[in-house]
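This report describes how the parts of one protein chain fit together. Please examine the sequence and the structure below before reading on.

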Amino acid sequence: MALLSVENLNIRFGNSTAVDGISFSINEGEVLGLVGESGSGKSVTSLAILRLLAPSAAMTGTIHFDGHNLLELSEKQMRARRGRDISMIFQEPMTALNPAMTIGEQIAEAVRVHHPKLNKAEVKDRVLESLNNVALPDPTRRSKDYPHQFSGGQRQRIMIAMAVVNQPRLLIADEPTTALDVTVQAQILRLLRDLREQHGLSMLFISHDLAVTAQTADRVAVMRHGHILETNTAAELFRAPQDDYTRALLAAVPTMHTDRTRPLATL
Ligand SMILES: Nc1ncnc2c1ncn2[C@@H]1O[C@H](COP(=O)(O)OP(=O)(O)OP(=O)(O)O)[C@@H](O)[C@H]1O
């Protein structure tokens, strides 16, 4: 059975439709990529899963997670799931991190919200373990530092540590590497792959970049103007794209295997 199953999800803001009857599912341990241009409805979809959209958003359809329709849960029931069963990371870690608190305190707070009975030493152990999991160097000392004392890539690691500290079953990663330079981007993608391998984390990986998505996801859903145009394994999508828009996205992907000695027309 799918861990997450979105069926016929429709999201409107007043008269404008942001998401128009989309369906997709994520199996246990699977990474689904959601790829599409700006404004296609990717972020709105992820916020709907966490029930974090403004009350002005009108939603129909179902979002089943672990057997429950999230759209029918009370706010209290949803709060118990956010950050514990389902976590999210964003493009810009500074929006998720509090600049006035040390990173250790912030991750500890994320632990205590869902595990109020743990004592101080147990919380501290979990904080250091999560910083170890994301390979932040010297976690004991650095947990006492503030967000601005880290590089962009380190901040992204810290946000990931905070997102996975309670061992969620689903991680929603919304453009997690877009703001990073290419080398750091590759390191963060590797980290996400490692976390998935080591902890069986399921993931919804959102990006406008098909190449990055294909490196990370098992299956990819291509989204445009609030619709999902096609969903396929990353390999099949590259081999035999079904939709013109997917073909256009693929044409924009630089290939490592291009033989530059051949004239362009024969490629
Ligand atoms: N609070 C809101 N009120 C009204 N319209 C909104 C609101 N949030 C999003 N939208 C609209 O919903 C549509 C989908 O936006 P969304 O942010 O999901 O796109 P996206 O694919 O994530 O793009 P980006 O990569 O730029 O974040 C857009 O047309 C956007 O203007």
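Setting aside residues up to four places away in sequence, Ala161 touches Ile107, Ser130, Leu131, Asn133, Val134 and Leu136. The model in which these contacts are found is a predicted one.

Ala161 also belongs to the largest nonpolar core, which has 59 residues. Together with Ile107, Leu171 and Leu204, Ala161 touches the most other members of this core. Helix α7, formed by residues 152-164, is the greatest contributor to the core, giving seven residues. Because domain 1 and domain 2 both give residues to this core, the core lies between them. As a general background, nonpolar side chains in soluble globular proteins tend to be buried together.

The protein chain is divided into two domains, whose bounds are 1-85 + 170-253 for domain 1 and 90-167 for domain 2. Their C-alpha centres are 24 Å apart. The table lists what each domain brings to the contact.

| Domain | Residue bounds | Residues in the contact |
|---|---|---|
| Domain 1 | 1-85 + 170-253 | 15 residues |
| Domain 2 | 90-167 | 18 residues |

Which elements each supply at least two residues of the side of domain 1 that touches domain 2? They are β7 (170-174) and α8 (182-199). Of the elements on this side, α8 gives the most, with six residues. Sorted by class, the side of domain 1 that touches domain 2 comprises eight nonpolar, four polar and three charged residues.

Methods:
Residues are numbered from 1 along each chain as its sequence is written. This is a predicted model: local features need pLDDT of at least 70, side-chain atom pairs count only at pLDDT 80 or more; totals for chains, interfaces and linings use all residues. A nonpolar core is a set of buried Ala, Val, Leu, Ile, Met, Phe, Trp, Tyr and Cys residues joined through C-beta atoms within 7 Å. A residue is buried if 20 or more other C-beta atoms lie within 10 Å of its own, exposed if 12 or fewer, and partly exposed in between; C-beta atoms are placed from the backbone. Helices (H or I, at least four residues) and strands (E, at least two) are DSSP runs, numbered from the N terminus. Domain bounds come from an automatic or database domain assignment. Two residues are in contact if their C-beta atoms, placed from the backbone, lie within 7 Å. Ala, Val, Leu, Ile, Met, Phe, Trp, Tyr, Cys and Pro count as nonpolar, Asp, Glu, Lys and Arg as charged, and the others, Gly among them, as polar.
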